[in-house]
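This report examines how two chains meet and how their interior is packed. The sequence and structure are shown first.

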Amino acid sequence: MTTTEIEQLAKKEYKYGFVTEIESETFPPGLNEDVIRAISAKKDEPQWLLDWRLKAFATWQKMEEPDHWPQLKYTPTPYNEISYYSSPKKKDGPKSLEEVDPKLLETYEKLGIPLNERARLAGVAVDAVFDSVSVVTTFKDTLKKAGVIFCPISEAVRDYPELVQKYLGSVVPHSDNFFAALNSAVFTDGSFVYIPKGVRCPMELSTYFRINEASTGQFERTLIVAEEASYVSYLEGCTAPMRDENQLHAAVVELVAHDDAKIKYSTVQNWYPGDEDGKGGIYNFVTKRGKCAGRNSHISWTQVETGSAVTWKYPSCILQGDNSVGEFYSVALTNNYQQADTGTKMVHIGKNTKSTIISKGISAGKGQNTYRGLVKIMKGAENSRNYTQCDSLLIGDRCGAHTFPYIDVRNTSSTVEHEASTSKIAEDQLFYVQQRGLDLENAVSLIVNGFCKEVFRELPMEFAVEATKLLAVSLEGSVG
Amino acid sequence: MLEIKDLHVNVNGKPILKGLNLTMGEGEVHCIMGPNGSGKSTLSQVLAGRDAYEITGGSVTFRGKDLLEQEPHERAGEGLFLAFQYPVEIPGVSGNQFLRAALNAVRQYRGEDELDAAQMMKVFRERAKQAKIDLASLKRSVNEGFSGGEKKRNEMLQMAILEPRLAVLDEVDSGLDIDALKIVSDAVNAMRSAQRSFLVITHYQRLLNHIVPDHIHVLVDGQIVKSGGKELALELEEKGYAWVEEHTNTVAG
């Protein structure tokens, strides 16, 4: 089989590219203090939050877009030409599923996301965010009995203001970076999760993000707090319609784990990647960070990134508590003209802290895939350990893989290990698999799945199945 | 069941097979012997459908169909199995996962129902037992970190599970110690049946002490220059390939 054939294989069709015809209330394009005030007013926010937003906006205006240091080439978003708020029209927020617009339910049905009875069988509680607002959260009552709070963040601001005020911006400050500052100024919705002391969350929590409206940005904010000795597993998925222009998604996720708490955060990101000529697609500029605040706390990030035209994302862990553990498992696939600059930061502050980084980059077509990671071990982080493994797989000969590991160790009792490899899907591997009866597409898919195994096994079962399928679809195409 | 007529194959523009003829019937075991560079491995790769080989003439019919028209996976579906001289590693894919995917793909090709994991396991156990090969290797990634002997044994296990109609064994004896050779040949012997043919390709006569063929063909410079019964192997062992070459030249001259 020739390289061209392998490349054709890697072409894909995006099956979530439909648009839902639904009446929306969308702000006119542009960004200024009035827009921020209007968003805040829409949500009936308290003064402190408005002040925080305005502070973030003022900071953002002085910042520069980080378009020079990442291994990314793109046209920056015209920030004054997009809209910062779009919501499906409704009188009041839906009280139950019955009140949700059937068209919205249909949309989620098409995406394969169960918001109804089926969800009960799956044992997953879902929060669905459509453009700027959360449309429905399932299983609130069941969770409430366990003491778990899982609701749209706008609702949390209203119902649990002291919790939100305490933690919002505590891990990712409003001035952290260009996109985080922008998000802090204009974020519209997202999920809030609070797990009380000693509680093991009885089900997987999940949020599905959907951008529908054209010329809007999506800025959601997720905040997860796990109190002492609690546990939660949280999943997030995302899709968007096919559009010719690039759309901006600039989210912020903050996690806080107290003593002996564990947060497992999994993402299957499938934003529209643009067409095969590189037109359109989502700019996915996301700041995700977790703070292992307590002793023996544990935060684990798992991500499968197959979508978006441009990805800029470094889910990180601040290992502040002694003996805390941070993990990052990532599969990033870039195809056609997709670009990804992704990786993680592990900052070791507490003693005996431990981090593991497993990154698998797959490049096909003209895709460019960059791993960028920082392992920083502070002076006081005695006896800390990091293990990093960074593997790249190339499909065809027009794509690229890049690795930028930064390592900064400031004591002598810690250990850092870094392993990296780059390989191509070899013609003899494909032939071997085909000889046993698999056609070309399935052969590629099997080999790629094997390459990603160490990451997939970290995903919750259902998500692992979804991720496996998603990779197959992402590599699907006309076989030459 | 297999008929190769006047097959000509080039590799990188250079003729390697130069008019090869071979006919095999159901349930027969044929052996192709020949010196290095005679085209033995080219033949096995061409039969399995590897790209890189340019077929410049001739035909191959397998079970009534034009084999050369088929994709590699279709050939597997038709019942052709190649035991590789150098089995390939597939990191992260367990032998179980690999063989489940392969067996279901082959079943699908034949219009049979796919098997679920439990049914699969049952089939694996039965067939491995029949071939007297341990299933433990299937828990590991395919061929990853396997010794030479383990790789060959794994090829035999795959063959046992996929139950081909024609198994082409490409230098299955290379690099094996006597114990491994015995395991491999026992598997082949256990699987011999009226419905299954074997094409054994080897450089050395010693394999034929364990797998006794019905026919032996000597391949020299891209052509079969001599065919005979199993006694031909002994003659070759004694006199070397040079003898056949000379003999052929005399005949041709």
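## Interface and cores

In this predicted model, 20 residues of chain A are in contact with 31 residues of chain B. The area buried between the two chains is about 2,100 Å², and carbon and sulfur atoms give 64% of that area. On the side of chain A, Phe431(A), Tyr432(A) and Arg436(A) lose the most area to chain B, together 37% of what that side buries.

The polar component of the A–B interface can be set out briefly.

| Item between chain A and chain B | Value |
|---|---|
| Salt bridges | two salt bridges |
| Polar contacts (both residues at pLDDT 80 or more) | 10 residue pairs |
| Glu427(A) to Arg50(B) salt bridge, N to O | 2.7 Å |

Helices H10 (427-435) and H11 of chain A are the elements that give two or more residues to the side touching chain B. The largest share, eight residues, comes from H10(A). By character, the residues of this side of chain A divide into eight nonpolar, six polar and six charged.

Turning to the interior, the largest nonpolar core has 112 residues, and Ile362(A), Met156(B) and Leu169(B) have the most contacts inside it. Helix H11 (residues 440-451) of chain A gives the most to this core, with seven residues. A second, separate core has 33 residues, including Met203(A) and Phe328(A). Beyond four places in sequence, Ile362(A) touches residues among which are Val331(A), Leu393(A), Val448(A) and Phe451(A).

Arg289(A) lies in strand S13 (residues 281-292) of chain A. Arg289(A) counts as buried because its relative accessibility is 9%, under the 20% cut-off. Leaving aside neighbours within four places in sequence, its contacts include Asp176(A), Glu254(A), Trp301(A) and Lys345(A).

Technical notes: Residues numbered from 1 in each chain as written. Chains lettered and ligands numbered in written order. Predicted model: local features only at pLDDT ≥ 70, side-chain atom pairs only at ≥ 80, totals over all residues. Heavy atoms only, no water. Core = buried A, V, L, I, M, F, W, Y, C linked by side-chain atoms within 4.5 Å. Buried < 20%, exposed > 50% of the residue type's maximum accessible area, 1.4 Å probe, protein only. Helix = DSSP H or I, 4+ residues; strand = E, 2+ residues; numbered from the N terminus. Contact = heavy atoms within 4.5 Å. Buried area = accessible area lost by both parts, 1.4 Å probe. Salt bridge = Lys/Arg side-chain N within 4 Å of Asp/Glu carboxyl O. Polar contact = N/O pair within 3.5 Å; in protein donor to acceptor, adjacent residues only side chain to side chain. Nonpolar A, V, L, I, M, F, W, Y, C, P; charged D, E, K, R; others polar.
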